[in-house]
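Trainee: Before I look at the coordinates, could you take me through how an interface, a strand pairing and a helix packing are read from a model?

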Protein chains: 2
Amino acid sequence: MTNWPGRFGGHLTRPKRRILLAAMLATLVMFSATAGLVAQPTDPLPSWNQGQAKQSILSFVERVTQQGGPDFVPVADRIAVFDNDGTLWSEQPVYFQFMFALDRVKELASAHPALAGQEPYKSVLSGDPAALAALGEKGLLQIMELTHTGLPVSDFHTLVRDWLKTARHPRFDRPYTDLVFQPMLELLAHLRATGFKTYIVSGGGVEFMRPWTEAVYGIPPEQVVGSSGKSEFVLDGDSPVLRKLPEVEFVDDGPGKPVGINRFIGRRPVFAAGNSDGDLQMLQWTTLNTGPRFGLIVHHTDATREWAYDRASKIGRLDKALDEAPQRGWTVVDMKDDWKVIYPSDR
Amino acid sequence: MTNWPGRFGGHLTRPKRRILLAAMLATLVMFSATAGLVAQPTDPLPSWNQGQAKQSILSFVERVTQQGGPDFVPVADRIAVFDNDGTLWSEQPVYFQFMFALDRVKELASAHPALAGQEPYKSVLSGDPAALAALGEKGLLQIMELTHTGLPVSDFHTLVRDWLKTARHPRFDRPYTDLVFQPMLELLAHLRATGFKTYIVSGGGVEFMRPWTEAVYGIPPEQVVGSSGKSEFVLDGDSPVLRKLPEVEFVDDGPGKPVGINRFIGRRPVFAAGNSDGDLQMLQWTTLNTGPRFGLIVHHTDATREWAYDRASKIGRLDKALDEAPQRGWTVVDMKDDWKVIYPSDR
């Protein structure tokens with residue numbers, strides 16, 4: 001066997017030989033790096049710490065996408081459903097949609113001063129947390145009616161878009177759409193990259209979410225399932241309008257979630273993610289089925305970077321679903337331990 | 001310029017020259033044919049006769065898909081909505097879903113003989129058209145309740161699938177799913193091939209359509225919008241079930257169609273096709289908007305190959321929408337003149 005420096009550099013002077021060797025070494029290093037990249041693909045979930053949660057997600061996706069494997073799921077059936085509040089973005093101190101409603105009351109009261117003296121708007125304008133907490137269901141419905149109905153759907157979308165541009169979260173002083181969970185964005189992207197269709201199935205209002213879910217989550221309006229009010233079609237001259245009416249049509253929460261999934265999607269999902277008892281039936285509907293299924297619960301355990309709450313919380317109460325998780329084989333994500341970063345800006 | 005037979009065949013004998021010339025001629029013919037194929041792509045609507053309807057469809061699709069053109073529509077907004085009964089398949093002598101209901105009454109009556117003596121089932125079992133016509137809204141609702149509710153959604157799907165395998169249309173003695181319109185199948189395929197997402201938006205029941213629309217039209221369950229009854233989630237031990245309840249939830253007809261489009265799709269379509277006044281508001285909602293829009297009405301004019309009906313028909317009455325078509329620029333398809341074949345088996 002020919003000695004390779006002899007073959008390639010034998011007739012060169014020593015300095016030239018050194019240069020050639022250095023160049024060959026550099027090429028070898030570059031080649032190894034490239035080979036390394038091919039052998040170890042980029043981590044699709046870089047914001048997740050190594051651990052059981054991350055491993056079980058990656059292993060599930062691998063199994064259901066392995067053509068010819070025992071757990072293979074055809075692309076058409078790769079339906080993944082995600083709760084929104086507390087699962088894809090934060091939900092404290094109250095659901096962000098309610099923050100929108102409170103801001104909208106203030107705006108309407110400054111345009112129509114008579115509102116300021118009437119309850120429940122008076123309590124809202126006082127800014128007193130105790131007064132707000134005492135509103136009760138009737139007061140909440142009145143606030144939702146005032147701020148969410150009596151206008152065309154398209155005008156409501158504009159209001160939501162404008163609010164998201166200017167409103168700031170009270171604790172973090174950042175736009176609400178900055179408070180989405182970076183690890184969940186990566187999970188959504190990984191599922192889509194492996195042939196899943198990702199849906200939101202939220203107790204929140206469908207018209208509140210649709211104006212921004214595509215830009216923020218990559219989820220288009222037709223893949224957003226949510227609560228809704230009735231609406232009516234009116235032809236005003238040659239201008240067709242859909243007006244939002246002050247009547248609840250559908251509450252997409254708890255046992256309403258499987259109903260909403262069936263109505264809008266018409267297939268049973270293979271992957272479901274939630275964070276509260278409002279997601280219990282969606283998790284059951286998804287996972288108590290034949291074939292490979294994945295249930296995920298985001299457990300809010302990080303009071304420093306986000307919030308820590310579960311069984312006793314008014315917003316996002318997680319109790320029964322947490323009890324059921326072990327027997328159902330649902331993966332409970334511990335935000336503090338499992339997530340390297342919470343928000344995109346933390347990276 | 002060199003004379004070409006001289007260049008290529010000058011040294012050959014006369015018979016050999018003839019063979020060579022013939023071969024070259026054949027090559028030329030083949031080449032021209034190939035060039036012709038490239039210049040004139042395969043007709044995407046072969047079952048449509050040349051005429052204004054076909055031309056306006058092809059021209060619309062070309063305009064909205066031409067990148068950089070003035071009428072370009074991004075892929076995400078290429079939403080096309082189709083009524084089902086009378087637009088994608090026949091609807092005479094009555095909606096096929098009602099034929100399913102009548103057959104189901106007969107089946108249930110043979111399993112539960114007590115039903116046979118009760119109205120409105122007695123009238124159904126008599127097979128007397130006059131008795132059927134006299135059922136009224138209350139009788140119809142009772143029939144729908146008996147045949148469409150009180151069972152799990154998945155069991156209902158099985159009933160529909162089994163019925164489609166065995167039932168035969170009274171006039172054509174063929175499965176109902178054979179009575180889909182070949183020209184509309186081609187239109188659906190052409191729209192999808194050019195980046196459109198095709199939806200059904202039908203007054204028919206969503207659970208009646210979803211079991212077969214993917215196989216028959218290439219439209220998956222999540223792209224079927226229709227009328228629905230309420231349903232409830234029940235956890236029976238470890239078996240989650242969605243039960244169909246005897247309560248109407250949503251009527252996806254007339255002014256309900258834009259409401260359904262907004263609820264399920266959340267975008268305004270750019271293409272809508274219907275065949276009756278039940279599609280009027282969907283056509284308005286789609287076309288009375290800025291940018292390029294297409295409205296299509298299937299006019300049933302062919303009593304020989306299908307049926308001829310419009311203003312006076314009980315099923316599929318087409319009156320107001322036909323009057324509005326010229327001023328709105330909607331394309332009225334004359335089945336007799338515009339369609340070479342009606343059903344796939346006619347080809």
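The dialogue below takes up these features one after another.

Mentor: Keep in mind throughout that this is a predicted model.

Trainee: How many residues does each chain give to the contact between chain A and chain B?

Mentor: The size of an interface is often given as the accessible area lost when the parts come together. Here we can go by residues, and the contact takes 29 from chain A and 29 from chain B. On the side of chain A that touches chain B, the elements giving two or more residues are β3 (224-236), β4 (239-250), α12 (256-264) and α13 (280-287) of chain A, and β3(A) provides the largest share, with six residues. By character, the residues on this side of chain A divide into 16 nonpolar, seven polar and six charged.

Trainee: Which residues make the contact between α12(A) and α13(A), and how do the axes of these helices cross?

Mentor: The two axes come within 7 Å and cross at roughly 55 degrees; angles from 65 to 115 degrees would count as roughly perpendicular and those under 35 as roughly parallel, and α12(A) and α13(A) are therefore oblique to each other. A:K257, A:P258 and A:I261 of α12(A) meet A:Q281, A:M282 and A:W285 of α13(A), a set that divides into four nonpolar, one polar and one charged.

Trainee: In what sense do strands β6(A) and β7(A) pair?

Mentor: In a regular strand the side chains alternate between the two faces of the sheet. In this case, β6 (residues 294-299) and β7 (residues 331-334) of chain A pair in the parallel sense over four bridges, and A:L296 has A:T331 in β7(A) as its bridge partner. Together with helix α14 (residues 320-328) of chain A, β6(A) and β7(A) make a right-handed β-α-β unit.

Note on methods: Residues numbered from 1 in each chain as written. Chains lettered and ligands numbered in written order. Predicted model: local features only at pLDDT ≥ 70, side-chain atom pairs only at ≥ 80, totals over all residues. Contact = placed C-beta atoms within 7 Å. Nonpolar A, V, L, I, M, F, W, Y, C, P; charged D, E, K, R; others polar. Pairing = 2+ DSSP bridges. Right-handed = clockwise from strand over helix to strand, strands pointing away. Axes fitted to C-alpha atoms, helices over the stretch in contact; angles between N-to-C directions. Parallel < 35°, antiparallel > 145°, perpendicular 65-115°, else oblique.
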